[in-house]
Amino acid sequence: MRRDDWLRRDLPAVAGLTLIALAVRLAGIGESLYGDELHTFVAADVPSLGDVVGAMQLTEDNPPLFYFVEWVLARVGDPTVFLRLPSLVLGTATVPLVYALGRRTVGRTAGLVAAALIALSPFAIVFSYEARAYTMLGFFAALSTLALLIALDTGRLRWFALFTLASAAALYTHYTAVFVLGVQGAWALWHHRDRARELLLSYAAVAVAFLPWLPYMADQGGQDKPGLPVIEALFGFSLESVGRYTVTLLAGHHLYPLREVAGRTALLVLGVALALALAGTVLRARRSGAARPGPGLQLIVLLAFATPVGVLIYCAVGPDIYISRYLFASLPAIAVLLGALLTYPRPPLRELAVLLALGALAVGTARALDASRDRPAFREAAQIVDDSAAPGDPVVEYLFAPVQGIFARHLAINFEEPHPLTQMYGNSDPGAWERIERAERFFVVLPWGPGARAGAVPPRVARRFRVAEQRDWPGLVRIGVLVYERRNR
(Lines give C-alpha, C1' and ligand atoms only; values in the text may rest on other atoms or scores of the structure.)
Protein backbone atom coordinates (compact mmCIF):
# COMPACT_ATOMS: atom_id res chain seq x y z
CA MET A 1 0.00 0.00 0.00
CA ARG A 2 1.32 3.42 -0.94
CA ARG A 3 1.88 6.00 1.78
CA ASP A 4 -1.05 8.18 0.61
CA ASP A 5 -3.38 5.17 0.66
CA TRP A 6 -2.24 4.29 4.18
CA LEU A 7 -2.88 7.82 5.40
CA ARG A 8 -6.32 7.85 3.84
CA ARG A 9 -7.49 4.35 4.74
CA ASP A 10 -5.76 3.23 7.93
CA LEU A 11 -4.54 6.28 9.81
CA PRO A 12 -8.01 7.39 11.00
CA ALA A 13 -8.78 3.87 12.26
CA VAL A 14 -5.42 3.50 14.01
CA ALA A 15 -5.73 6.96 15.55
CA GLY A 16 -9.24 6.16 16.75
CA LEU A 17 -8.16 2.89 18.32
CA THR A 18 -5.25 4.64 20.01
CA LEU A 19 -7.55 7.30 21.46
CA ILE A 20 -9.94 4.60 22.70
CA ALA A 21 -7.00 2.80 24.27
CA LEU A 22 -5.86 5.99 25.98
CA ALA A 23 -9.34 6.78 27.29
CA VAL A 24 -9.93 3.38 28.89
CA ARG A 25 -6.42 3.36 30.36
CA LEU A 26 -6.80 6.84 31.84
CA ALA A 27 -9.88 5.60 33.71
CA GLY A 28 -7.72 3.89 36.33
CA ILE A 29 -4.68 6.13 36.46
CA GLY A 30 -5.79 7.81 39.69
CA GLU A 31 -6.32 4.63 41.71
CA SER A 32 -4.20 4.03 44.79
CA LEU A 33 -0.95 2.16 44.51
CA TYR A 34 -1.56 -1.38 45.64
CA GLY A 35 0.24 -4.67 46.15
CA ASP A 36 3.43 -5.14 44.16
CA GLU A 37 3.27 -1.50 43.06
CA LEU A 38 4.62 -0.68 46.52
CA HIS A 39 7.85 -2.45 45.56
CA THR A 40 8.16 0.06 42.73
CA PHE A 41 7.45 2.91 45.13
CA VAL A 42 10.23 1.76 47.47
CA ALA A 43 12.73 1.51 44.62
CA ALA A 44 11.83 4.99 43.38
CA ASP A 45 11.66 6.60 46.83
CA VAL A 46 15.42 6.72 47.43
CA PRO A 47 17.72 9.77 47.53
CA SER A 48 19.81 9.13 44.42
CA LEU A 49 19.70 7.14 41.21
CA GLY A 50 22.61 5.11 42.49
CA ASP A 51 20.50 3.90 45.41
CA VAL A 52 17.81 2.40 43.14
CA VAL A 53 19.61 -0.89 42.57
CA GLY A 54 20.23 -1.38 46.28
CA ALA A 55 16.56 -0.69 47.07
CA MET A 56 15.18 -3.00 44.41
CA GLN A 57 17.64 -5.76 45.29
CA LEU A 58 15.81 -6.17 48.59
CA THR A 59 12.51 -7.20 47.04
CA GLU A 60 12.78 -7.48 43.25
CA ASP A 61 13.99 -10.20 40.90
CA ASN A 62 14.00 -7.93 37.85
CA PRO A 63 16.47 -5.83 35.84
CA PRO A 64 16.66 -2.10 36.63
CA LEU A 65 15.56 -0.06 33.59
CA PHE A 66 11.95 0.41 34.65
CA TYR A 67 13.01 1.45 38.16
CA PHE A 68 15.49 4.00 36.84
CA VAL A 69 12.68 5.60 34.84
CA GLU A 70 10.41 5.52 37.89
CA TRP A 71 13.05 7.20 40.06
CA VAL A 72 13.19 10.11 37.61
CA LEU A 73 9.40 10.44 37.42
CA ALA A 74 9.07 10.36 41.21
CA ARG A 75 10.95 13.68 41.19
CA VAL A 76 8.67 15.21 38.58
CA GLY A 77 5.43 14.98 40.52
CA ASP A 78 3.35 13.00 43.00
CA PRO A 79 4.93 9.53 42.85
CA THR A 80 1.63 7.81 43.65
CA VAL A 81 0.45 9.11 40.26
CA PHE A 82 3.57 9.67 38.16
CA LEU A 83 4.89 6.15 38.72
CA ARG A 84 2.12 4.95 36.41
CA LEU A 85 3.01 7.22 33.49
CA PRO A 86 5.43 4.81 31.75
CA SER A 87 2.78 2.10 31.73
CA LEU A 88 0.11 4.52 30.50
CA VAL A 89 2.21 6.00 27.70
CA LEU A 90 3.81 2.75 26.50
CA GLY A 91 0.61 0.74 26.91
CA THR A 92 -1.21 3.22 24.67
CA ALA A 93 1.68 3.41 22.19
CA THR A 94 1.65 -0.37 21.86
CA VAL A 95 -1.66 -0.13 19.96
CA PRO A 96 -0.28 1.56 16.81
CA LEU A 97 2.90 -0.47 17.20
CA VAL A 98 0.91 -3.71 17.05
CA TYR A 99 -0.91 -2.43 13.97
CA ALA A 100 2.42 -1.71 12.25
CA LEU A 101 3.76 -5.12 13.22
CA GLY A 102 0.63 -6.87 11.97
CA ARG A 103 0.53 -4.90 8.73
CA ARG A 104 4.12 -5.86 7.94
CA THR A 105 3.72 -9.55 8.79
CA VAL A 106 0.12 -10.67 8.16
CA GLY A 107 -1.61 -7.77 6.40
CA ARG A 108 -3.34 -4.48 7.12
CA THR A 109 -6.75 -5.89 8.05
CA ALA A 110 -5.26 -8.35 10.51
CA GLY A 111 -3.08 -5.53 11.85
CA LEU A 112 -6.11 -3.35 12.50
CA VAL A 113 -7.93 -6.15 14.31
CA ALA A 114 -4.80 -6.91 16.34
CA ALA A 115 -4.57 -3.25 17.37
CA ALA A 116 -8.23 -3.35 18.41
CA LEU A 117 -7.60 -6.49 20.47
CA ILE A 118 -4.76 -4.78 22.35
CA ALA A 119 -6.81 -1.60 22.77
CA LEU A 120 -9.70 -3.53 24.36
CA SER A 121 -7.82 -6.29 26.18
CA PRO A 122 -8.74 -6.02 29.89
CA PHE A 123 -5.35 -7.42 30.89
CA ALA A 124 -3.42 -4.95 28.72
CA ILE A 125 -5.61 -2.09 29.98
CA VAL A 126 -5.20 -2.87 33.66
CA PHE A 127 -1.43 -3.16 33.36
CA SER A 128 -1.38 0.18 31.52
CA TYR A 129 -2.18 1.85 34.83
CA GLU A 130 -0.08 -0.48 36.96
CA ALA A 131 3.25 0.82 38.23
CA ARG A 132 5.04 -2.33 37.14
CA ALA A 133 7.40 -3.16 34.28
CA TYR A 134 5.24 -5.50 32.19
CA THR A 135 3.70 -2.98 29.80
CA MET A 136 7.16 -1.57 29.12
CA LEU A 137 8.30 -5.13 28.39
CA GLY A 138 5.50 -5.65 25.85
CA PHE A 139 6.24 -2.34 24.16
CA PHE A 140 9.96 -3.01 23.71
CA ALA A 141 9.30 -6.59 22.58
CA ALA A 142 6.99 -5.28 19.84
CA LEU A 143 9.33 -2.43 18.92
CA SER A 144 12.35 -4.71 18.62
CA THR A 145 10.39 -7.08 16.37
CA LEU A 146 9.19 -4.28 14.09
CA ALA A 147 12.66 -2.70 13.91
CA LEU A 148 14.17 -6.10 13.07
CA LEU A 149 11.74 -6.65 10.20
CA ILE A 150 12.42 -3.22 8.71
CA ALA A 151 16.16 -3.63 9.19
CA LEU A 152 16.16 -6.98 7.40
CA ASP A 153 14.09 -5.57 4.52
CA THR A 154 16.06 -2.36 4.06
CA GLY A 155 19.51 -3.21 5.38
CA ARG A 156 19.73 0.28 6.84
CA LEU A 157 22.01 0.76 9.82
CA ARG A 158 19.60 2.98 11.74
CA TRP A 159 17.01 0.19 11.90
CA PHE A 160 19.57 -2.31 13.13
CA ALA A 161 20.58 0.28 15.73
CA LEU A 162 16.94 0.68 16.83
CA PHE A 163 16.58 -3.10 16.99
CA THR A 164 19.69 -3.30 19.18
CA LEU A 165 18.50 -0.55 21.52
CA ALA A 166 14.96 -1.93 21.80
CA SER A 167 16.28 -5.45 22.44
CA ALA A 168 18.66 -4.25 25.15
CA ALA A 169 15.85 -2.19 26.69
CA ALA A 170 13.53 -5.22 26.70
CA LEU A 171 16.18 -7.37 28.37
CA TYR A 172 16.89 -4.64 30.93
CA THR A 173 13.15 -4.45 31.63
CA HIS A 174 12.42 -8.12 32.34
CA TYR A 175 14.34 -11.37 32.02
CA THR A 176 11.52 -13.10 30.10
CA ALA A 177 12.41 -10.91 27.11
CA VAL A 178 15.19 -13.40 26.41
CA PHE A 179 12.66 -15.86 24.96
CA VAL A 180 11.40 -13.33 22.41
CA LEU A 181 14.92 -12.16 21.52
CA GLY A 182 16.09 -15.72 21.01
CA VAL A 183 13.22 -16.53 18.65
CA GLN A 184 13.78 -13.32 16.70
CA GLY A 185 17.43 -14.16 16.15
CA ALA A 186 16.82 -17.78 15.14
CA TRP A 187 14.08 -16.81 12.68
CA ALA A 188 16.12 -13.97 11.18
CA LEU A 189 19.22 -16.12 10.66
CA TRP A 190 17.10 -18.81 9.00
CA HIS A 191 15.25 -16.51 6.60
CA HIS A 192 17.85 -13.78 6.09
CA ARG A 193 21.25 -15.38 5.98
CA ASP A 194 22.46 -12.46 3.90
CA ARG A 195 22.03 -10.24 6.98
CA ALA A 196 23.87 -12.59 9.34
CA ARG A 197 26.74 -10.18 9.89
CA GLU A 198 24.51 -7.29 10.92
CA LEU A 199 22.39 -9.58 13.09
CA LEU A 200 25.33 -11.06 14.93
CA LEU A 201 26.78 -7.61 15.54
CA SER A 202 23.44 -6.43 16.93
CA TYR A 203 23.15 -9.40 19.29
CA ALA A 204 26.77 -8.98 20.34
CA ALA A 205 26.03 -5.35 21.19
CA VAL A 206 23.00 -6.41 23.27
CA ALA A 207 25.13 -8.96 25.12
CA VAL A 208 27.87 -6.40 25.81
CA ALA A 209 25.27 -3.90 27.01
CA PHE A 210 23.90 -6.46 29.46
CA LEU A 211 27.27 -7.48 30.88
CA PRO A 212 27.35 -4.79 33.62
CA TRP A 213 24.13 -6.19 35.09
CA LEU A 214 25.30 -9.81 35.33
CA PRO A 215 26.89 -9.49 38.80
CA TYR A 216 23.68 -7.96 40.16
CA MET A 217 21.63 -10.64 38.44
CA ALA A 218 23.68 -13.33 40.18
CA ASP A 219 23.25 -11.53 43.49
CA GLN A 220 19.48 -11.43 43.02
CA GLY A 221 19.44 -15.19 42.73
CA GLY A 222 21.32 -15.50 45.99
CA GLN A 223 19.27 -13.09 48.07
CA ASP A 224 17.35 -14.62 50.97
CA LYS A 225 14.05 -12.96 50.12
CA PRO A 226 10.61 -13.73 48.71
CA GLY A 227 10.02 -13.58 44.99
CA LEU A 228 9.75 -16.54 42.65
CA PRO A 229 9.16 -19.12 45.43
CA VAL A 230 6.31 -16.94 46.74
CA ILE A 231 4.76 -16.83 43.26
CA GLU A 232 5.04 -20.60 43.10
CA ALA A 233 3.32 -20.97 46.47
CA LEU A 234 0.53 -18.47 45.72
CA PHE A 235 -0.42 -19.47 42.19
CA GLY A 236 0.44 -23.14 41.93
CA PHE A 237 0.99 -25.04 38.70
CA SER A 238 -1.23 -27.42 36.78
CA LEU A 239 -2.56 -28.00 33.29
CA GLU A 240 -5.69 -26.08 34.29
CA SER A 241 -3.70 -23.12 35.60
CA VAL A 242 -1.60 -22.98 32.41
CA GLY A 243 -4.76 -22.68 30.33
CA ARG A 244 -6.36 -20.20 32.69
CA TYR A 245 -3.37 -17.87 32.88
CA THR A 246 -2.88 -18.01 29.12
CA VAL A 247 -6.47 -16.87 28.50
CA THR A 248 -6.16 -14.27 31.27
CA LEU A 249 -3.28 -12.69 29.36
CA LEU A 250 -5.77 -11.35 26.83
CA ALA A 251 -9.17 -11.36 28.50
CA GLY A 252 -8.65 -11.31 32.27
CA HIS A 253 -7.48 -9.23 35.23
CA HIS A 254 -4.49 -10.06 37.40
CA LEU A 255 -6.31 -9.26 40.65
CA TYR A 256 -9.53 -11.22 39.98
CA PRO A 257 -10.48 -14.71 38.81
CA LEU A 258 -10.90 -14.96 35.05
CA ARG A 259 -14.62 -15.77 35.15
CA GLU A 260 -15.33 -12.89 37.51
CA VAL A 261 -13.97 -10.25 35.15
CA ALA A 262 -14.53 -11.62 31.68
CA GLY A 263 -17.73 -13.38 32.73
CA ARG A 264 -18.82 -16.80 31.56
CA THR A 265 -20.94 -15.39 28.74
CA ALA A 266 -18.13 -13.23 27.38
CA LEU A 267 -15.67 -16.12 27.60
CA LEU A 268 -18.15 -18.31 25.75
CA VAL A 269 -18.60 -15.65 23.05
CA LEU A 270 -14.84 -15.31 22.71
CA GLY A 271 -14.55 -19.08 22.37
CA VAL A 272 -17.28 -19.09 19.70
CA ALA A 273 -15.46 -16.32 17.79
CA LEU A 274 -12.23 -18.31 17.77
CA ALA A 275 -14.05 -21.51 16.81
CA LEU A 276 -15.73 -19.72 13.88
CA ALA A 277 -12.39 -18.31 12.81
CA LEU A 278 -10.76 -21.73 12.93
CA ALA A 279 -13.63 -23.28 11.00
CA GLY A 280 -13.47 -20.51 8.40
CA THR A 281 -9.73 -20.93 8.12
CA VAL A 282 -10.06 -24.66 7.48
CA LEU A 283 -12.81 -24.11 4.87
CA ARG A 284 -10.82 -21.46 3.02
CA ALA A 285 -7.67 -23.57 3.12
CA ARG A 286 -9.54 -26.56 1.64
CA ARG A 287 -11.11 -24.53 -1.16
CA SER A 288 -8.02 -22.60 -2.16
CA GLY A 289 -5.42 -25.18 -1.22
CA ALA A 290 -3.38 -25.03 1.94
CA ALA A 291 -0.40 -22.77 1.42
CA ARG A 292 2.73 -22.78 3.52
CA PRO A 293 2.66 -19.85 5.98
CA GLY A 294 4.87 -16.98 4.88
CA PRO A 295 7.94 -15.92 6.87
CA GLY A 296 6.02 -13.09 8.57
CA LEU A 297 3.28 -15.37 9.88
CA GLN A 298 5.89 -17.92 10.92
CA LEU A 299 7.63 -15.27 13.01
CA ILE A 300 4.38 -14.19 14.66
CA VAL A 301 3.51 -17.79 15.55
CA LEU A 302 6.95 -18.37 17.01
CA LEU A 303 6.84 -15.14 19.03
CA ALA A 304 3.33 -15.88 20.31
CA PHE A 305 4.53 -19.19 21.74
CA ALA A 306 8.04 -18.06 22.68
CA THR A 307 7.34 -16.77 26.20
CA PRO A 308 4.71 -19.34 27.23
CA VAL A 309 6.95 -22.21 26.09
CA GLY A 310 10.06 -20.56 27.54
CA VAL A 311 8.41 -20.08 30.93
CA LEU A 312 7.16 -23.66 30.90
CA ILE A 313 10.70 -24.89 30.25
CA TYR A 314 11.92 -22.72 33.12
CA CYS A 315 9.22 -24.22 35.36
CA ALA A 316 10.61 -27.68 34.57
CA VAL A 317 13.98 -26.77 36.11
CA GLY A 318 13.08 -24.00 38.56
CA PRO A 319 10.14 -22.54 40.50
CA ASP A 320 6.68 -22.85 38.95
CA ILE A 321 6.03 -19.28 37.79
CA TYR A 322 3.60 -19.73 34.90
CA ILE A 323 1.40 -16.68 35.51
CA SER A 324 -0.11 -14.25 33.04
CA ARG A 325 2.12 -11.24 33.62
CA TYR A 326 5.28 -13.24 32.96
CA LEU A 327 3.95 -13.92 29.45
CA PHE A 328 3.60 -10.23 28.57
CA ALA A 329 6.50 -10.17 26.08
CA SER A 330 4.44 -12.39 23.77
CA LEU A 331 1.17 -10.45 24.10
CA PRO A 332 1.73 -8.21 21.02
CA ALA A 333 2.46 -11.26 18.87
CA ILE A 334 -0.54 -13.12 20.32
CA ALA A 335 -2.76 -10.18 19.33
CA VAL A 336 -1.34 -10.21 15.79
CA LEU A 337 -1.77 -13.98 15.52
CA LEU A 338 -5.40 -13.73 16.66
CA GLY A 339 -5.92 -10.83 14.24
CA ALA A 340 -4.66 -13.02 11.41
CA LEU A 341 -6.85 -15.94 12.51
CA LEU A 342 -10.01 -13.85 12.86
CA THR A 343 -9.61 -12.14 9.46
CA TYR A 344 -8.58 -15.14 7.36
CA PRO A 345 -12.07 -16.64 6.76
CA ARG A 346 -14.24 -15.35 3.95
CA PRO A 347 -17.04 -12.84 4.62
CA PRO A 348 -19.45 -12.85 6.39
CA LEU A 349 -17.83 -15.37 8.73
CA ARG A 350 -14.82 -13.08 9.10
CA GLU A 351 -16.87 -10.07 10.17
CA LEU A 352 -18.92 -12.16 12.60
CA ALA A 353 -15.84 -13.65 14.24
CA VAL A 354 -14.20 -10.24 14.61
CA LEU A 355 -17.32 -8.62 16.08
CA LEU A 356 -17.83 -11.43 18.56
CA ALA A 357 -14.21 -11.36 19.71
CA LEU A 358 -14.08 -7.59 20.14
CA GLY A 359 -17.48 -7.57 21.81
CA ALA A 360 -16.37 -10.19 24.31
CA LEU A 361 -13.25 -8.17 25.18
CA ALA A 362 -15.31 -4.97 25.46
CA VAL A 363 -17.58 -6.67 28.02
CA GLY A 364 -14.54 -7.78 30.00
CA THR A 365 -13.10 -4.26 29.84
CA ALA A 366 -16.34 -2.74 31.14
CA ARG A 367 -16.37 -5.21 34.03
CA ALA A 368 -12.69 -4.64 34.80
CA LEU A 369 -13.19 -0.87 34.93
CA ASP A 370 -16.27 -1.04 37.16
CA ALA A 371 -15.74 0.87 40.41
CA SER A 372 -16.36 -2.29 42.41
CA ARG A 373 -13.09 -3.66 41.01
CA ASP A 374 -10.94 -0.60 41.68
CA ARG A 375 -7.89 -0.99 43.84
CA PRO A 376 -8.57 -0.16 47.51
CA ALA A 377 -9.15 3.60 47.87
CA PHE A 378 -6.25 4.42 50.20
CA ARG A 379 -5.60 7.67 48.33
CA GLU A 380 -9.14 8.93 48.95
CA ALA A 381 -9.03 7.87 52.59
CA ALA A 382 -5.72 9.67 53.12
CA GLN A 383 -7.11 12.78 51.46
CA ILE A 384 -10.04 12.87 53.91
CA VAL A 385 -7.61 12.71 56.82
CA ASP A 386 -5.29 15.34 55.31
CA ASP A 387 -8.19 17.72 54.70
CA SER A 388 -9.92 17.28 58.06
CA ALA A 389 -7.34 16.36 60.70
CA ALA A 390 -5.79 18.96 62.95
CA PRO A 391 -2.09 18.60 63.82
CA GLY A 392 -1.73 15.75 66.28
CA ASP A 393 -5.11 14.12 65.65
CA PRO A 394 -4.52 10.35 65.90
CA VAL A 395 -5.23 8.05 62.98
CA VAL A 396 -6.01 4.37 63.48
CA GLU A 397 -5.59 2.08 60.48
CA TYR A 398 -7.03 -1.42 60.61
CA LEU A 399 -4.95 -3.55 58.24
CA PHE A 400 -7.01 -5.79 55.97
CA ALA A 401 -4.40 -8.57 56.20
CA PRO A 402 -1.59 -9.48 58.62
CA VAL A 403 1.07 -7.71 56.55
CA GLN A 404 4.24 -5.90 57.51
CA GLY A 405 7.00 -3.87 55.92
CA ILE A 406 6.16 -2.18 52.64
CA PHE A 407 2.73 -3.82 52.44
CA ALA A 408 1.74 -2.02 55.64
CA ARG A 409 2.29 1.35 53.90
CA HIS A 410 -0.71 1.36 51.55
CA LEU A 411 -2.28 4.26 53.45
CA ALA A 412 0.82 6.03 54.74
CA ILE A 413 2.41 6.73 51.35
CA ASN A 414 -0.65 8.78 50.37
CA PHE A 415 -0.49 11.24 53.27
CA GLU A 416 0.63 14.75 52.37
CA GLU A 417 0.80 15.80 56.03
CA PRO A 418 2.32 13.92 59.01
CA HIS A 419 -0.18 12.16 61.26
CA PRO A 420 0.23 10.01 64.39
CA LEU A 421 -0.59 6.62 62.86
CA THR A 422 -1.42 3.47 64.80
CA GLN A 423 -1.90 0.24 62.85
CA MET A 424 -3.90 -2.72 64.10
CA TYR A 425 -4.96 -6.10 62.79
CA GLY A 426 -7.66 -8.15 64.48
CA ASN A 427 -8.15 -7.34 68.14
CA SER A 428 -7.65 -3.77 69.31
CA ASP A 429 -4.52 -2.79 71.20
CA PRO A 430 -5.67 -1.60 74.70
CA GLY A 431 -2.50 0.40 75.27
CA ALA A 432 -2.86 2.20 71.98
CA TRP A 433 -6.49 3.09 72.67
CA GLU A 434 -5.56 4.56 76.03
CA ARG A 435 -3.37 7.05 74.21
CA ILE A 436 -5.83 7.69 71.38
CA GLU A 437 -8.84 8.43 73.60
CA ARG A 438 -7.03 11.35 75.21
CA ALA A 439 -7.52 13.30 71.98
CA GLU A 440 -10.59 15.39 71.18
CA ARG A 441 -10.92 13.78 67.76
CA PHE A 442 -9.43 10.81 65.91
CA PHE A 443 -9.80 9.01 62.60
CA VAL A 444 -10.28 5.32 61.86
CA VAL A 445 -9.47 3.87 58.42
CA LEU A 446 -10.65 0.29 58.04
CA PRO A 447 -11.71 -2.40 55.58
CA TRP A 448 -15.45 -1.95 55.32
CA GLY A 449 -17.72 -4.93 55.78
CA PRO A 450 -20.61 -6.25 57.83
CA GLY A 451 -20.25 -5.03 61.38
CA ALA A 452 -17.05 -3.10 60.62
CA ARG A 453 -18.29 0.18 62.12
CA ALA A 454 -19.64 -1.50 65.25
CA GLY A 455 -16.28 -3.03 66.03
CA ALA A 456 -14.13 -0.11 64.97
CA VAL A 457 -13.43 1.08 68.53
CA PRO A 458 -13.60 -0.57 71.97
CA PRO A 459 -16.92 -0.13 73.88
CA ARG A 460 -15.48 2.30 76.41
CA VAL A 461 -14.18 4.52 73.59
CA ALA A 462 -17.53 4.33 71.80
CA ARG A 463 -19.23 5.64 74.96
CA ARG A 464 -17.00 8.72 75.02
CA PHE A 465 -16.89 9.47 71.29
CA ARG A 466 -19.46 9.75 68.54
CA VAL A 467 -19.11 9.25 64.79
CA ALA A 468 -19.17 12.75 63.32
CA GLU A 469 -18.54 11.71 59.73
CA GLN A 470 -18.10 8.57 57.69
CA ARG A 471 -17.11 7.84 54.09
CA ASP A 472 -16.48 4.66 52.16
CA TRP A 473 -15.42 3.61 48.67
CA PRO A 474 -16.01 0.36 46.74
CA GLY A 475 -13.18 -1.69 45.33
CA LEU A 476 -11.16 -4.85 45.68
CA VAL A 477 -11.22 -4.09 49.40
CA ARG A 478 -13.95 -1.64 50.46
CA ILE A 479 -12.27 1.12 52.46
CA GLY A 480 -14.09 3.25 55.05
CA VAL A 481 -13.13 6.33 57.07
CA LEU A 482 -14.79 7.16 60.42
CA VAL A 483 -14.23 10.51 62.11
CA TYR A 484 -14.77 10.32 65.88
CA GLU A 485 -15.32 13.38 68.07
CA ARG A 486 -15.59 13.49 71.85
CA ARG A 487 -19.16 13.62 73.13
CA ASN A 488 -20.29 16.73 75.00
CA ARG A 489 -19.81 16.31 78.73
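1. In this predicted model, the contact between helix 10 (residues 134-154) and helix 11 brings together residues from both helices. On the helix 10 side the contributors are Met 136, Leu 137, Phe 140, Ala 141, Leu 143, Ser 144, Ala 147, Leu 148, Ile 150, Ala 151, Leu 152 and Thr 154, and they meet Trp 159, Phe 160, Leu 162, Phe 163, Ala 166, Ser 167, Ala 169, Ala 170 and Thr 173 of helix 11. Sorted by class, the residues of this contact are 17 nonpolar and four polar, with no charged residue among them.

2. The geometry of that pair can be stated as follows: the axes of helix 10 and helix 11 are 8 Å apart and make an angle of about 155°. Because angles over 145 degrees count as roughly antiparallel, the two helices are described as roughly antiparallel to each other. The crossing of helix 10 and helix 11 is left-handed.

3. Thr 173, one of the helix 11 residues in the contact just described, belongs to helix 11, which spans residues 157-173. Its relative accessibility is 0%, and therefore Thr 173 counts as buried. When residues up to four places away in sequence are set aside, Thr 173 touches Asn 62, Pro 63, Leu 65, Ala 133, Met 136, Leu 137 and Phe 140. Of these, Met 136, Leu 137 and Phe 140 are also listed on the helix 10 side of the helix pair.

4. Helix 2 (residues 11-26) and helix 8 (residues 108-120) pack with their axes 9 Å apart, at an angle of about 10°, and are therefore roughly parallel to each other. Helix 2 contributes Ala 13, Val 14, Leu 17, Ile 20, Ala 21, Val 24 and Arg 25, which meet Leu 112, Ala 115, Ala 116, Ile 118, Ala 119 and Leu 120 of helix 8. The residues of this contact divide into 12 nonpolar and one charged, with no polar residue.

5. Ala 115, which lies in helix 8, deserves a separate comment. With a relative accessible area of 1%, Ala 115 is buried. Apart from neighbours within four places in sequence, Ala 115 is in contact with Leu 17, Val 95, Val 98 and Tyr 99. Between Ala 115 and Val 95, which are 20 residues apart along the chain, the C-alpha separation is 5.0 Å.

6. Val 98, one of the contacts of Ala 115, also takes part in the packing of helix 7 on helix 20. Helix 7 (residues 85-105) and helix 20 (residues 331-343) have axes 10 Å apart and an angle of about 50° between them, which makes helix 7 oblique to helix 20. Their crossing is right-handed. Val 98, Leu 101, Gly 102 and Thr 105 of helix 7 meet Pro 332, Ala 335 and Val 336 of helix 20, and the residues of this contact comprise five nonpolar and two polar, with no charged residue.

7. A point to check in the backbone is the peptide bond from Pro 347 to Pro 348, which is cis, with omega near 0°. Pro 348 is placed in the loop between helix 20 and helix 21 (349-368).

8. The five strands of an open sheet follow the order 2-1-3-5-4, and their pairing is mixed. Strand 2 (421-424) and strand 4 stand at the edges, each with a single partner strand, so one side of each is left without a neighbour in the sheet. From one strand to the next, the twist averages 20°. Strand 1 (residues 395-398) pairs with strand 2 in the parallel sense over four bridges, and Tyr 398 has Met 424 in strand 2 as its bridge partner.

9. Towards the other edge of the order, strand 4 (residues 465-473) and strand 5 (residues 479-486) run antiparallel and are joined by eight bridges. The bridge partner of Asp 472 in strand 5 is Gly 480. Strand 4 and strand 5 form a hairpin with five residues between them, and Gly 475 in the turn has a positive phi of about 155°.

10. Finally, helix 22 (residues 378-388) lies across strand 1, strand 3 (441-447), strand 4 and strand 5, and the helix runs at about 175° to strand 3.

Conventions:
Residues are numbered from 1 along each chain as its sequence is written. This is a predicted model: local features need pLDDT of at least 70, side-chain atom pairs count only at pLDDT 80 or more; totals for chains, interfaces and linings use all residues. Side-chain values use heavy atoms; hydrogens and water are left out. Axes are lines fitted to C-alpha atoms, for helices over the stretch in contact, and angles run from 0 to 180 degrees between N-to-C directions. Angles under 35 degrees count as roughly parallel, over 145 as roughly antiparallel, 65 to 115 as roughly perpendicular and the rest as oblique. A crossing is left-handed if the near helix is turned anticlockwise from the far one by less than a right angle, and right-handed if clockwise. Contact means heavy atoms within 4.5 Å. Ala, Val, Leu, Ile, Met, Phe, Trp, Tyr, Cys and Pro count as nonpolar, Asp, Glu, Lys and Arg as charged, and the others, Gly among them, as polar. Buried means under 20% relative accessible area, exposed over 50%, partly exposed in between (1.4 Å probe, protein chains only). Two strands pair if DSSP finds at least two bridges between them.
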